Amino acid sequence: DENDKELSILRALNDEGETNSSDWLDGETMIHEDYWINYVKDLCDDVGDLPKNLPHYIAIDWEKTSQNIAVNYTTVDFNGVNYYIRSC
């Protein structure tokens, strides 16, 4: 039955989330793997890690930056798609 399948998928996600994130029950943010680099850009801007008037000729390696930040996150699978969540 379709509802049982969906419930099973949601339970598996919940189990992964509870295991990997101390904020899971408080509404942990799930970041789709395709949005990860944009999320990291926004995060660095929001927390003030980037100067406000960064000159246009300075390039940031966002791929490497996102890999560095990923050490504080883990991925969970939701219906065949990976999402990043902040680790415990």
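**A guided reading of the predicted model**

Ser21 is found in the loop that runs between helix 1 (2-20) and strand 1 (31-32). The structure discussed here is a predicted model. Because its relative accessible area is 4%, under the 20% limit, Ser21 counts as buried. A polar atom of the Ser21 side chain lies 3.4 Å from the backbone oxygen of Arg86. Arg86 in turn belongs to strand 3, where this residue stands opposite Tyr73. The loop residue therefore offers a convenient way into the sheet, which is the next subject.

The sheet is open and consists of three strands in the order 1-3-2, with antiparallel pairing. Strand 1 and strand 2 are the edge strands, each of them pairing on one side only. Strand 2 and strand 3 (residues 81-86) are joined in the antiparallel sense over six bridges. Along this pairing, Thr74 has Ile85 of strand 3 as its bridge partner. Two residues separate the strands in the hairpin formed by strand 2 and strand 3, and in this hairpin Asn79 takes a positive phi near 55 degrees. In a regular strand, side chains alternate between the two faces of the sheet.

From the sheet the description passes to the interior. The largest nonpolar core comprises ten residues, namely Ile31, Trp36, Tyr39, Val40, Cys44, Trp62, Ile69, Ala70, Tyr73 and Tyr84. Two elements, helix 2 (36-46) and helix 3 (62-69), give two or more residues each to this core. Helix 2 makes the greatest contribution, with four residues. Another core, of five residues, lies apart from this one and includes Leu13, Trp24, Val76 and Ile85. Within the largest core, Ile31 may be taken as an example of the packing. Leaving aside residues up to four places away in sequence, Ile31 touches Trp36, Tyr39, Tyr73, Asn82, Tyr83 and Tyr84.

Several of these contacts of Ile31 involve residues with aromatic rings, including Trp36 and Tyr39. A pair of aromatic rings is described by the distance of the centres and the angle of the planes. The structure holds five aromatic pairs. One of them is formed by Trp36 and Tyr39, which are stacked at 5.6 Å centre to centre with 20 degrees between the planes. These two residues are three places apart in helix 2, so about one helical turn separates Trp36 from Tyr39. Trp36 counts as buried because its relative accessibility is 4%. A further pair, Tyr39 with Tyr73, is edge-to-face, at 6.3 Å centre to centre and 80 degrees between the planes. Since Tyr39 lies in helix 2 and Tyr73 in strand 2 (residues 73-78), this pair ties together parts that are 34 residues apart in sequence. Both Tyr39 and Tyr73 are buried. Ring pairs link Trp36, Tyr39, Tyr73 and Tyr84 into a cluster.

The last feature concerns charged side chains. A search of the whole structure finds one salt bridge. Lys52 forms this salt bridge with Asp45, and the closest N and O atoms are 3.9 Å apart. Lys52 counts as exposed because its relative accessibility is 69%, over the 50% limit. Asp45, by contrast, has a relative accessible area of 37% and is therefore partly exposed.

Methods: Residues numbered from 1 in each chain as written. Predicted model: local features only at pLDDT ≥ 70, side-chain atom pairs only at ≥ 80, totals over all residues. Heavy atoms only, no water. Core = buried A, V, L, I, M, F, W, Y, C linked by side-chain atoms within 4.5 Å. Buried < 20%, exposed > 50% of the residue type's maximum accessible area, 1.4 Å probe, protein only. Contact = heavy atoms within 4.5 Å. Phe/Tyr/Trp six-rings, centres within 6.5 Å; stacked < 30°, edge-to-face > 60°. Salt bridge = Lys/Arg side-chain N within 4 Å of Asp/Glu carboxyl O. Pairing = 2+ DSSP bridges. Polar contact = N/O pair within 3.5 Å; in protein donor to acceptor, adjacent residues only side chain to side chain.
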